[in-house]
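Reader: I would like to go through this model with you, taking a few questions in turn and asking for the reasoning behind each reply.

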Amino acid sequence: MESLFEVLRTKLKEKGYKLTTQRRVIYDVFVENTGSHLSPEEVYDMVKDKYPEVGLATVYRTLQLLDELEVVRKINFNDGCNRYELNTNTNDHQHHHLICLECGEVFEVEIDLLDNLEEKIENESKFKIVDHNVKFFGYCESCNEKRS
Ligand SMILES: [Zn+2]
Ligand SMILES: [Zn+2]
Ligand SMILES: [Zn+2]
């Protein structure tokens with residue numbers, strides 16, 4: 001099996017990009033924090049101590065590139081900033097997210113019963129669906145406890 005790092009190297013090469021330290025360092029943040037949904041600022045905070053030469057603008061640019069290469073995915077959680085997560089399987093359908101309106105925490109849901117819904121919509125609207133992307137907004141367990 002190809003390691004995640006090999007995937008990055010192959011993808012960069014395919015598109016004629018070099019594997020620079022900056023690209024590698026930023027990608028590593030995602031590999032080390034699999035399952036996290038990180039904003040560019042958070043990524044910057046994690047690399048700036050060890051790699052002071054990596055500025056916030058570089059982080060933005062690199063994330064954009066990694067998103068184009070489909071090694072990370074950009075997600076908008078309606079909280080005013082774009083976040084990115086590691087894309088471990090480029091062919092796979094993206095899991096869905098639960099977003100807490102109180103603390104902003106993002107949880108991943110593996111349950112996906114939407115294929116039936118897609119079929120229904122296709123039949124009714126004559127619209128060919130190729131993918132869907134769902135966010136659920138609400139309150140996480142601990143925030144919900146505090147509310148009641
Ligand atoms: Zn919460
Ligand atoms: Zn996610
Ligand atoms: Zn789905």
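Reader: Leaving aside neighbours within four places in sequence, with which residues is V43 in contact?

Author: The model is a predicted one, and V43 is listed in it among the residues with the most contacts inside the largest nonpolar core, a set of 18 residues. Once its neighbours within four places in sequence are left aside, V43 is in contact with I26, V29, L38, V59 and L63.

Reader: Which element supplies the largest share of this core?

Author: At least two residues of the core come from each of α1 (4–14), α2 (21–32), α3 (40–47), α4 (56–68) and β2 (82–86). The largest share amounts to four residues, and the element that supplies them is α2.

Reader: In the open sheet of three strands, which are the edge strands?

Author: The strands of this sheet follow the order β4-β3-β5, with mixed pairing, and β3 (residues 96–100) pairs with β4 in the antiparallel sense over four bridges. Within that pairing, L98 stands opposite F107 in β4. Two strands pair on one side only, and these edge strands are β4 (106–109) and β5 (135–138).

Reader: Does H132, covered by the UniProt annotation "binding site", count as buried, exposed or partly exposed, and why?

Author: The annotation comes from an unreviewed UniProt entry, and H132 itself is found in the loop between α5 (114–125) and β5. Not counting residues up to four places away in sequence, H132 touches L114 and E118. A residue is buried with 20 or more other C-beta atoms within 10 Å and exposed with 12 or fewer; because H132 has 14 C-beta neighbours inside 10 Å, it counts as partly exposed.

How values were computed:
Residues numbered from 1 in each chain as written. Chains lettered and ligands numbered in written order. Predicted model: local features only at pLDDT ≥ 70, side-chain atom pairs only at ≥ 80, totals over all residues. Core = buried A, V, L, I, M, F, W, Y, C linked by C-beta atoms within 7 Å. Contact = placed C-beta atoms within 7 Å. Pairing = 2+ DSSP bridges. UniProt positions renumbered as here; feature names shortened; annotations may be inferred.
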